[in-house]
Amino acid sequence: MQPQSLYRAAWQTAQAHRDEVVSRLGQAHGEAARAEWNQRRFWFFALDRVVEHVQGEQFWLECGRRNFARAGQRPRLQEAIVELKQLRARLGGETLPAFREKEEVVARIAELANQLLD
């Protein structure tokens, strides 16, 4: 498995998002699309890459050799991944959560992400 840079992949994904928006709305919307991706999508993109790394699906350089594929060795990490995915689904549901609930969910997601990376 070839190690990859999470930041390089994020840049490429942000660029693809920008290109898609520009193709629909025109060049004038390019920088706003990139800024929107960086502000609203980067952290969840990074979180998904952390999960991939800890589960041993892809080696991301920024996540470190020590954390690679540790979920299989530590059941509590697998439990954290399951909870994390459930919380992400709550944020991505059709109904908008209350601000306090969203803050609590995001704080819990951050705690779980920190558990995944040693």
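Mentor: A residue counts as buried when its relative accessible area is under 20%, and as exposed when that area is over 50%, with partly exposed in between. Keep this in mind for Arg18, which stands at 10% and is therefore buried. The model in front of you is predicted.

Trainee: Before the details, how many helices and strands does the protein have?

Mentor: Five helices and zero strands make up its secondary structure. Along the sequence this reads as α-α-α-α-α. The C-alpha atoms occupy a box of roughly 50 × 40 × 15 Å along the principal axes. The protein has 118 residues, and 36% of them count as buried.

Trainee: Back to Arg18, then. Which residue does the side chain of Arg18 meet in a salt bridge?

Mentor: Asp19, with 3.3 Å from N to O. The two partners fall in separate accessibility classes: Asp19, at 39%, is partly exposed, while Arg18, at 10%, is buried. The pair also belongs to a network of salt bridges that links Arg18, Asp19, Glu31 and Arg34.

Trainee: How many salt bridges does the whole structure hold?

Mentor: The search finds twelve. When reading one, look at the distance, then at the place of each partner in the chain, then at accessibility. Take Arg49 and Glu52, whose side chains meet at 3.1 Å, N to O. Both are in helix H3 and three residues apart, so about one helical turn separates them. Arg49 is buried, since its relative accessibility is 14%.

Trainee: Which salt bridge links distant parts of the chain?

Mentor: The one between Asp118 and Arg70, at 3.5 Å from N to O. Asp118 belongs to the segment after H5 and Arg70 to the loop between H3 and H4, with their positions 48 residues apart in the chain. Here accessibility is split as well: Asp118 is exposed at 53%, whereas Arg70 is buried at 3%.

Trainee: Now the rings. How many aromatic pairs are there?

Mentor: The structure holds five. To classify a pair, read the angle between the ring planes once the centres are found to be within reach. Trp37 and Phe42 are edge-to-face, with 6.3 Å between centres and 70° between planes. Trp37 and Phe45 have centres 5.6 Å apart and planes at 65°; since an angle over 60 degrees counts as edge-to-face, this pair is edge-to-face too.

Trainee: Are these three rings buried or exposed?

Mentor: Buried: Trp37 and Phe42 are both in that class, and Phe45 joins them.

Trainee: Which residues form the aromatic cluster?

Mentor: Tyr7, Trp37, Phe42, Trp43 and Phe45 make up one cluster. Phe45 has a further neighbour, since a ring can also be read for a charge over its face. Which residue lies over the face of Phe45? Arg49 does, at 4.4 Å from the ring centre. Arg49 is also the residue that meets Glu52 in a salt bridge.

Trainee: What about empty space in the model?

Mentor: Rolling a probe the size of a water molecule over the atoms shows where empty space is left. In this structure the largest pocket has about 750 Å³ of space. Its lining has 29 residues, and those closest to the pocket centre are Phe42, Trp43, Phe44, Leu47 and Ile109. Two of the names, Phe42 and Trp43, also appear in the aromatic cluster.

Trainee: Which helices each supply at least two residues of the lining of the largest pocket?

Mentor: H1 (6-25), H2 (30-40), H3 (42-54), H4 (75-91) and H5 (99-116). By residue class, the lining divides into 17 nonpolar, five polar and seven charged.

Trainee: And the backbone outside the helices? Which residue other than glycine has a positive phi?

Mentor: Ala69, where phi is near 60°. Ala69 sits in the loop between H3 and H4, which is also the loop of Arg70. Ala69 counts as partly exposed because its relative accessible area is 26%.

Trainee: One more, on contacts between chain positions. How many residues apart along the chain are Pro3 and Leu61?

Mentor: They are 58 residues apart, yet their C-alpha atoms are separated by 6.1 Å. Pro3 lies in the segment before H1. At 36% relative accessibility, Pro3 is partly exposed.

How values were computed
Residues are numbered from 1 along each chain as its sequence is written. This is a predicted model: local features need pLDDT of at least 70, side-chain atom pairs count only at pLDDT 80 or more; totals for chains, interfaces and linings use all residues. Side-chain values use heavy atoms; hydrogens and water are left out. Rings of Phe, Tyr and Trp (its six-membered ring) pair if their centres lie within 6.5 Å; planes under 30 degrees apart count as stacked, over 60 as edge-to-face and the rest as tilted. Buried means under 20% relative accessible area, exposed over 50%, partly exposed in between (1.4 Å probe, protein chains only). A charge sits over a ring if NZ of Lys or CZ of Arg is within 6 Å of the ring centre and within 35 degrees of the ring normal. On a 1 Å grid over the protein atoms alone, a cavity is a set of points where a 1.4 Å probe fits but cannot get out, and a pocket is an open set with protein on both sides within 12 Å along at least five of seven lines; lining residues have an atom within 4 Å of a point. Grid points are joined across faces, edges and corners, and a volume is the space filled by probe spheres set on the points. Helices (H or I, at least four residues) and strands (E, at least two) are DSSP runs, numbered from the N terminus. Ala, Val, Leu, Ile, Met, Phe, Trp, Tyr, Cys and Pro count as nonpolar, Asp, Glu, Lys and Arg as charged, and the others, Gly among them, as polar. A salt bridge is a side-chain nitrogen of Lys or Arg within 4 Å of a carboxyl oxygen of Asp or Glu.
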